[in-house]
Amino acid sequence: MNKTYCPSLTEYKRRVSRVVNIGGLPMGGDYPIRVQSMTTVDTMDTMGSVEQTLRMVAAGCEYVRITAPSMKEAQNLLEIKKELRKRGCNVPLIADIHFTPNAAELAARIVEKVRVNPGNYADKKKFEEIEYTDATYADEVERIRERFRPLVQICKQHGTAMRIGTNHGSLSDRILSRYGDTPLGMVESALEFLRLCEEENYYDVVLSMKASNTQVMVQAYRLLVQKLDEEGLQPYPLHLGVTEAGEAEDGRIKSAVGIGTLLEDGLGDTVRVSLTEAPEAEAPVARMLIDRYTGRAATARPIKPLTGEEPINPFQYHRRATHEVANFGGLNVPRVVADLSRLPRREYADLRAAGHLYSPFLDKFQMGDLGADYIYTGERPVPYMLPNGLKEVVTFTAWKDAGRRTDHYPLMTACTYLETSADARHPQLNFLLVEPIAFDSRLIEHLRTDRTVVLVLETHNPHAMPDLRRAFFELINHGVTCPVIIARFYPQQPDEKTQLDAATDVGGLLIDGLGDGVVLGARLLPVDRPQEDWLRDIDMLNQLSFGILQAARTRMSKTEYISCPSCGRTLFDLQETTAMIRKRTDHLKGIKIGIMGCIVNGPGEMADADYGYVGVGKGKISLYRGQEVIKKSVPEERAVDDLIELMREDGRWIEKEVLDEPVGA
């Protein structure tokens with residue numbers, strides 16, 4: 001297949017999409033990438049919706065979406081709009097529609113844009129496997145088209161834009177029966193609706209392919225662009241988002257892994273970051289993601305263009321084939337290296353920052369779920385014995401000076417590596433720090449045969465992710481199978497910016513199966529800093545490394561919460577409930593829990609979760625195992641206990657460990 005899903009894999013070029021006018025604020029083409037979010041107040045609360053919209057606009061939202069689950073909410077959009085305009089706020093409004101064509105047709109006469117979900121707009125999702133013949137499938141498609149056609153005609157008549165927004169978790173039974181739970185099914189679900197729009201000569205359409213699984217989300221957007229091109233359809237603008245990303249750092253990291261990967265390839269015309277927080281907290285995160293690309297084309301250093309085809313499948317996850325070196329590569333999970341090389345002092349307690357907790361009372365270490373696999377100590381190895389399972393990397397000079405210890409592993413530059421004979425290196429494991437620009441035929445030839453080397457790949461190119469990706473492609477094309485650690489170093493900047501930058505740069509590679517480890521270093525930070533500041537940054541970068549691996553679905557080390565961002569349909573306090581569930585379950589390694597405010601964002605949207613907690617009425621919760629409802633209408637006050645009991649029945653519940661003494665006491 002000729003892969004045309006992005007303008008360039010090596011140059012920063014934004015995809016040129018069709019311009020869609022939304023209430024006088026155009027999207028696509030050469031216009032800036034727009035920021036949007038969604039209200040969480042009940043749509044029938046006119047003044048509450050207006051006040052929240054004003055806060056969102058003040059925070060940077062350029063479009064505001066409001067749910068309209070039934071006719072009465074759709075009608076009340078007019079009151080909200082009138083009050084906003086009276087207050088001098090002209091932000092374009094978007095009506096969010098699920099299940100109710102009549103509400104969409106009414107809203108399209110009032111607001112500047114409507115969003116429909118093809119999985120539940122005149123289609124059905126009952127978690128049934130239905131066998132369709134070609135004839136019955138075609139009949140069902142025609143029925144849906146006829147139900148959708150009036151909305152298209154109304155939008156065309158009123159100059160209203162439309163988003164056809166597919167969600168991974170709410171594909172219809174019909175689509176699932178033919179395409180399965182796949183990116184292709186997501187794309188086809190949208191294209192069925194889009195083809196009718198083009199038949200009606202209606203082109204004011206924006207498309208989205210959202211999922212809470214970042215791999216699926218990225219693959220679906222890429223495949224969508226590819227299919228538009230193959231079918232000769234218009235290059236419609238793209239709305240980027242990861243559904244139910246969650247809260248705090250985890251939500252921001254997950255959003256950046258998915259959204260940032262696509263922005264790196266020049267895809268995306270508007271961004272919505274879905275956090276389980278107040279909607280005004282979402283806009284600054286979206287803006288920070290977008291702002292990375294202001295001036296990117298001008299500052300990026302040229303990357304050698306690819307020769308031949310891209311050597312990976314961008315529409316399906318396959319991890320790059322590597323041979324095993326120590327516990328890197330092969331079937332091993334990606335490893336985390338914590339950089340302690342700048343620490344002024346080296347003490348037992350400092351290993352806490354790398355996830356290894358020392359108790360003086362017990363005189364032993366406890367490794368947490370976020371314990372680094374290796375520490376890099378540079379020229380000054382630690383003066384004490386490391387806990388079991390933790391290994392140390394030092395510079396090649398320090399390794400030689402300390403007597404070539406077998407429990408230390410040397411880090412070399414390309415020059416040193418090429419000048420050093422194999423018997424003068426470590427017999428099992430050597431790290432080689434190299435930039436893509438250093439790849440030449442001599443180095444490639446050594447790497448092809450050396451079974452002791454792990455590459456540590458870094459770049460100083462502002463267009464970092466594509467530069468590193470290009471290096472991976474070169475390794476693949478030359479048959480080099482040594483493991484590779486992705487290394488990124490960031491200057492002194494707000495933690496949130498570092499989280500977003502690293503999640504994009506590293507996560508974008510991991511999503512494509514590239515990378516066998518990660519090191520986020522502090523090399524660019526000022527040298528003269530207190531010990532406490534270094535420890536805080538090492539701790540943040542170590543947690544960030546594990547967070548990126550988890551968000552990219554390559555190493556599950558902690559409980560994952562797939563929680564929706566809340567909207568006017570939500571039936572309980574999402575932030576408070578998520579915090580309560582997290583407090584009691586955050587020790588369950590690798591389990592995914594969906595926390596959904598209503599049945600619209602219920603079993604469908606949390607398709608990737610092991611367990612679900614879904615609002616079904618005021619004070620009433622349904623509990624799910626996967627997509628199967630197990631307990632219905634549980635009173636909210638006992639729902640978390642019942643959720644834990646369900647895990648206990650499945651043998652997946654473990655009690656939290658209680659230390660004999662607080663660590664560090």
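**Close-up views of a predicted model**

**View 1. Tyr376 and its bridge partner in the barrel of the predicted model.** The bridge partner of Tyr376 in strand β15 is Val393. This pair belongs to the pairing of β14 (residues 374–378) with β15 (residues 391–395), which is parallel and extends over 4 bridges. Both strands are part of a closed barrel of 8 strands, in the order β11-β14-β15-β16-β17-β18-β19-β20, with parallel pairing, and from one strand to the next the twist averages 25°.

**View 2. Helices α14 and α16 packed on the sheet.** Helix α14, which spans residues 464–477, touches β18 (453–457) and β19 (484–489), and its direction makes about 160° with that of β19. Helix α16, spanning residues 531–551, touches β11 (335–339) and β20 (517–521), with an angle of about 150° between the direction of α16 and that of β20.

**View 3. The buried and exposed sides of helix α13.** Within α13 (residues 441–449), the residues Leu443, Ile444 and Leu447 are buried; because they cover an arc of only 100° around the axis, they lie on the same side of the helix. Ser441 and Thr449, on the other side of α13, are exposed. The cover over the buried residues of α13 includes α12 (414–419), β17 (430–434), β18 and α14, and α14 is also the helix that touches β18 and β19 in the preceding view.

**View 4. Ile548 in the largest nonpolar core.** The largest nonpolar core has 154 residues, of which Phe148, Leu151, Met162 and Ile548 touch the most other members. When neighbours within four places in sequence are left aside, Ile548 is in contact with Ile253, Val257, Ala502, Ala503, Val506, Gly507, Leu510 and Leu520. A second core, separate from this one, consists of 18 residues, including Ile591, Ala639, Leu643 and Leu646.

**View 5. Two cysteines, Cys197 and Cys415, in a structure with 0 disulfides.** For Cys197, the closest cysteine sulfur is that of Cys155, and the distance of 8.2 Å is too far for a bond, since a disulfide requires the two sulfur atoms to be within 2.5 Å. Cys197 has 0% relative accessibility and therefore counts as buried. Cys415 is likewise in no disulfide, the nearest cysteine sulfur being that of Cys482, 17 Å away; with a relative accessible area of 54%, Cys415 is exposed.

Key:
Residues are numbered from 1 along each chain as its sequence is written. This is a predicted model: local features need pLDDT of at least 70, side-chain atom pairs count only at pLDDT 80 or more; totals for chains, interfaces and linings use all residues. Side-chain values use heavy atoms; hydrogens and water are left out. Two strands pair if DSSP finds at least two bridges between them. Helices (H or I, at least four residues) and strands (E, at least two) are DSSP runs, numbered from the N terminus. Axes are lines fitted to C-alpha atoms, for helices over the stretch in contact, and angles run from 0 to 180 degrees between N-to-C directions. Contact means heavy atoms within 4.5 Å. Buried means under 20% relative accessible area, exposed over 50%, partly exposed in between (1.4 Å probe, protein chains only). The arc is that of the directions from the helix axis to the C-beta atoms. A nonpolar core is a set of buried Ala, Val, Leu, Ile, Met, Phe, Trp, Tyr and Cys residues joined through side-chain atoms within 4.5 Å.
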